[in-house]
Amino acid sequence: MIKAGVIGAGGMGAVHIKNLHEHEHVQLAAICDSNEALAKAQAEQYGAAYYTDGSVMIEQEPLDVLYICIPPFCHGDLEERAAAKGIHLMVEKPLGLDLEAVRSKAKAIADSGIIAASGYCLRYLDTVAIAKDYLKDKKIGMVRAHYITVPVPTPWWRKKELSGGQLVEQSTHTLDLVRYLCGDITNLYANMDLLLVKDIPDLDIPDVGVIQFVLESGALGQMQTGFIQFDHRTGVEIMGRDFRLVLDGTTLSIVEKGKETIYRSNSNFYKNLTDALVEAIRQKDPSLVLASYEEGLKTLEATLAANESAETGQVIQLSSNK
């Protein structure tokens, strides 16, 4: 059995806790949260030990895999501590807010030889797998993407120094899908501003943003991000000479001349993420992880570059292409 621990028992942590508990090859051994009542309640529900200090849990529990599901500003050196002990990782997005610090973590992870996943769960959609396969021999010309939603009530989310803003913390899922399906981004230019949502105390992140980007293939793209609406919509449209592929939420449409095929998702992408990571650990095969820590780092670089562009008014070249 693979012994698992989770740091962060609320929000996404609670989702991962449930999936780990239900996995036939996993023993959910320990749960940690700074909110002791929450950590204790989750631990009692699932028959695990509980902690309020992640570093203590890493030192005291003989874990095989650790899920880090806490806000990006409070990771500290948890990844390095786990890697040093040979504990495999799943780190929720965004991986952090300081690009150099995350690069340092990525090096520690790579040097340790552990398998490390990032929380880009949309890569595990069945409809995304169909899209990925369809695009493998296609030449892409243009990409349009969006993540438009409602404000998040979490206090730290509304502060740029704590969340990085909506693109970094939330819309990053859609930008990661663009990277996964269409290839790496070489440069980008962004405009962002706080225009409409001015009634939320202490909010200092942009409520609207537009990012223009160029992919390695030469294809051009644009993404809109914002939380000025009353509902939630996200999607990616990928266009070539004789085809159009549209992911509207989890539903995929492939449009060709005189033909449209629609696929509706029947999978639990959160569960699929855990299934893939557990199998990767059991088989010692990191290729089974669709969203590695390194991939999460590349998506973080793109979102932080968009923030920099919006602040400076400059086109930003991503480091891997400088």
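How many bridges join β12 to β13, and do these strands run parallel or antiparallel? In this predicted model, 6 bridges join β12 to β13, and the two strands run antiparallel.

**The β12–β13–β14 strands**

Within the pairing of these strands, D248 stands opposite T251 in β13. The hairpin of β12 and β13 has 2 residues between the strands, and G249 takes a positive phi near 65 degrees there. Strand β13 covers residues 251-256 and is mostly covered, with 5 of its 6 residues buried.

Strand β13 also pairs with strand β14 (residues 259-263): 5 bridges join them, and they run antiparallel. Here V255 stands opposite E260 in β14. The hairpin of β13 and β14 has 2 residues between the strands, and in this hairpin G258 takes a positive phi near 75 degrees.

**Aromatic pairs**

The structure holds 4 aromatic pairs. Two of them are described here, beginning with Y134 and F243. The planes of these two rings stand at 75 degrees with the centres 5.7 Å apart; because planes over 60 degrees apart count as edge-to-face, the pair of Y134 and F243 is assigned to that class. Y134 belongs to helix α6 (residues 126-135), whereas F243 belongs to strand β12 (residues 243-248), so the contact ties together parts that are 109 residues apart in sequence. Both Y134 and F243 are buried.

W157 and F227 form another edge-to-face pair. W157 is found in the loop between β7 (142-148) and α7 (160-163), and F227 in the loop between β10 (220-226) and β11 (233-239); the pair therefore ties together parts that are 70 residues apart in sequence. W157 has a relative accessible area of 1% and is therefore buried. F227 is likewise counted as buried, because its relative accessibility is 0%.

The geometry of the two pairs is set out below.

| Pair | Centre to centre | Angle between planes |
|---|---|---|
| Y134 and F243 | 5.7 Å | 75 degrees |
| W157 and F227 | 5.0 Å | 70 degrees |

**Lysines over tyrosine rings**

Y134 takes part in a further contact: the charged end of K138 sits over the ring of Y134, at 4.0 Å from its centre. The ring of Y134 thus carries this lysine contact as well as the edge-to-face pairing with F243. A second such arrangement involves K132, which lies over the face of Y180 at 4.2 Å from the ring centre.

Technical notes
Residues numbered from 1 in each chain as written. Predicted model: local features only at pLDDT ≥ 70, side-chain atom pairs only at ≥ 80, totals over all residues. Heavy atoms only, no water. Phe/Tyr/Trp six-rings, centres within 6.5 Å; stacked < 30°, edge-to-face > 60°. Helix = DSSP H or I, 4+ residues; strand = E, 2+ residues; numbered from the N terminus. Buried < 20%, exposed > 50% of the residue type's maximum accessible area, 1.4 Å probe, protein only. Lys NZ or Arg CZ within 6 Å of the ring centre and 35° of its normal. Pairing = 2+ DSSP bridges.
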